[in-house]
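Thanks for coming. I will go through one structure today, starting with a single residue and then moving outward.

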Amino acid sequence: MSTCKTQLSVEKEERRAATSKEQAYPKMAMTAFQFHHCRPFLPSSTKSQPSASPRVSCMASHLSAKCRRDYTSVMIVPTGVGASIGGFAGDALPVARALSSVVDCLITHPNVLNAAMLYWPMQNVLYVEGYALDRFAEGSWALHPVHRNKVGLVLDNGIEEELRIRHLQAADATRASLGLPVVEYVVTDTPLEVAKWVDPKSGQSTGRIKHPDSLLRAVQTLIDRSQVNAIAVVARFPDDDLDNVDDYRQGMGIDVLAGVEAVISHLVVKEFQIPCAHAPATRPLPMTLSLCPKSAAEEIGYTFLPCVLAGLSRAPQYLVKDSHYSEKGCLFASDVDSVLLPVDACGGDGALAFARSKQNKPLIITVEENETVLNSTPDKLGINTVMVANYWEAIGVIAAHKAGIDPQSLRRNRIGNIPCASYAPTNGFSLSSV
């Protein structure tokens, strides 16, 4: 009996000593646990060393490793064509927000992202002007993402003093409240004299500026004096009769300002190869009690400038093919995995370039619900596309495509038996399926 008690006492003392040692050296005890559980291939006699403990962790197996390239999608909604979604005041922005949560990188243009006084920051979305997007699609330009741009502001000499002050106050507000790098402004030496109209043949809005050279001189001044690399333009637009804008305010018709806005930004981007976007200067319209929500973003302030400055502040730079085209970190047309278009707006330069690409051709998706005044449908242009009813379906198709899944496999009875290709071998005998 006394021997048993003695043995129990010895075992109790050994357990107490072991516990005290673990409390005195908790890191060593934990390291031993990690060492033996995370590295089972080591000899069991290996002793852990305190100095090596930071290098051994059970979390090592969860270190991120990039196993595939980013999935890139392009979303296009042409401007001034009366698009059912994206033809008004930033009403395609919810689509861009949803799509950006699915893809790794979304490339789109100001018509999709601009909503006058409203905007939505998205870290994986590239704000690319329409002319630049066409050149990118053709493969002649590359996109170089940046952390920030130095934005210069050009104001039309034809803007009245009160309206000019409103725009300068809006620019100062973005600098103070959003921290945007808007560094300097300049007023053109001559009123630009904007004219706008609807093309009777195509039904889309367009226009011109009478003094384009004045605009280009103003941009050159900002580049030379402040080394800006992005340009926001505010031109004075003619005030419309209420009858001419009533349809637009009711969520119908076309945006009569949008076409010539594109003309202005195209001019600057073509000449200087830097990001540019335009905000029209107009007098506020009288309040209406029947306003469509799709048009409402343009009724809540004196200017459309904030969304333009926000977009330009991080817009990618454009690299022409004969310059630093191979610079690390650039995006090329061959990086694009899918392109999203309205069903009848497939005839633009960018859309056709993507559709006819011979290398890494992207998946082209057309949305039936988004109709425009155009009539450039895939069948008329001989383009193969995946036709979807709406943007809900489009985002589902893109999610499947990103996952490496044939989108047709998600539909009923869309996958048939695998075909067998016939061919003629060199011995002259052809083989075919039986």
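**From one loop residue to the cores**

Glu193 is partly exposed, because its relative accessible area is 40%. Before I go on, please keep in mind that this is a predicted model. Glu193 sits in the loop between S6 and strand S7, which covers residues 194–198. Its phi is near 55°, a positive value in a residue other than glycine.

Gln227 is another residue to look at for its backbone. Gln227 is not a glycine, yet it has a positive phi of about 55°. You will find Gln227 in the loop between helix H7, residues 212–226, and S9.

Now the chain as a whole. It has 434 residues, and buried residues make up 44% of them. The secondary structure comes to 13 helices and 14 strands. If we take contacts between residues at least 6 apart in sequence, 74% of them join residues at least 24 apart.

Next, the nonpolar cores. Which residues have the most contacts inside the largest nonpolar core? They are Met75, Leu305, Val308 and Ile365, and that core has 58 residues. Its largest share, 6 residues, comes from helix H10, residues 305–312. Another core, of 52 residues, lies apart from it; Cys105, Val219, Cys276 and Val336 are among its members.

Let me stay with Ile365 for a moment. Leaving out residues up to four places away in sequence, Ile365 touches Val339, Leu340 and Leu341. On the same count, Ile365 also touches Val386, Val388, Ala394, Val397 and Ile398.

Back to H10. Is this helix largely enclosed or not? 8 of the 8 residues of H10 are buried, so the helix is largely enclosed by the rest of the structure. By name, the buried residues are Leu305, Pro306, Cys307, Val308, Leu309, Ala310, Gly311 and Leu312. What lies over them? The cover includes helix H6, residues 161–177, along with several strands: S3 at 125–127, S5 at 151–155, S6 at 182–187, S9 at 230–236 and S10 at 276–281.

Helix H6 gives us a residue to follow on that cover. Thr174 is in helix H6. Is Thr174 buried or exposed? Its relative accessibility is 4%, so Thr174 counts as buried. Not counting residues up to four places away in sequence, Thr174 touches Gly179, Leu180, Val182, Pro306 and Leu309. Pro306 and Leu309 are among the buried residues of H10.

A word on cysteines. A disulfide is a covalent bond between the sulfur atoms of two cysteines. How many disulfides does the structure hold? The number is 0. Cys307, in H10, is buried, with a relative accessible area of 4%. Cys346 counts as buried too, because its relative accessibility is 1%.

Last, a pair of helices. Helix H5, residues 130–138, and helix H9, residues 258–272, have axes that come within 8 Å and cross at roughly 50°. H5 and H9 are therefore oblique to each other. On the H5 side, the contact is made by Gly130, Tyr131 and Ala132, and on the H9 side by His266, Val269 and Lys270. These residues divide into 3 nonpolar, 2 polar and 1 charged.

That is the end of the tour. I can put any of these residues back on the screen.

Methods
Residues are numbered from 1 along each chain as its sequence is written. This is a predicted model: local features need pLDDT of at least 70, side-chain atom pairs count only at pLDDT 80 or more; totals for chains, interfaces and linings use all residues. Side-chain values use heavy atoms; hydrogens and water are left out. Axes are lines fitted to C-alpha atoms, for helices over the stretch in contact, and angles run from 0 to 180 degrees between N-to-C directions. Helices (H or I, at least four residues) and strands (E, at least two) are DSSP runs, numbered from the N terminus. Angles under 35 degrees count as roughly parallel, over 145 as roughly antiparallel, 65 to 115 as roughly perpendicular and the rest as oblique. Contact means heavy atoms within 4.5 Å. Ala, Val, Leu, Ile, Met, Phe, Trp, Tyr, Cys and Pro count as nonpolar, Asp, Glu, Lys and Arg as charged, and the others, Gly among them, as polar. A nonpolar core is a set of buried Ala, Val, Leu, Ile, Met, Phe, Trp, Tyr and Cys residues joined through side-chain atoms within 4.5 Å. Buried means under 20% relative accessible area, exposed over 50%, partly exposed in between (1.4 Å probe, protein chains only). A disulfide is a pair of cysteine sulfur atoms within 2.5 Å.
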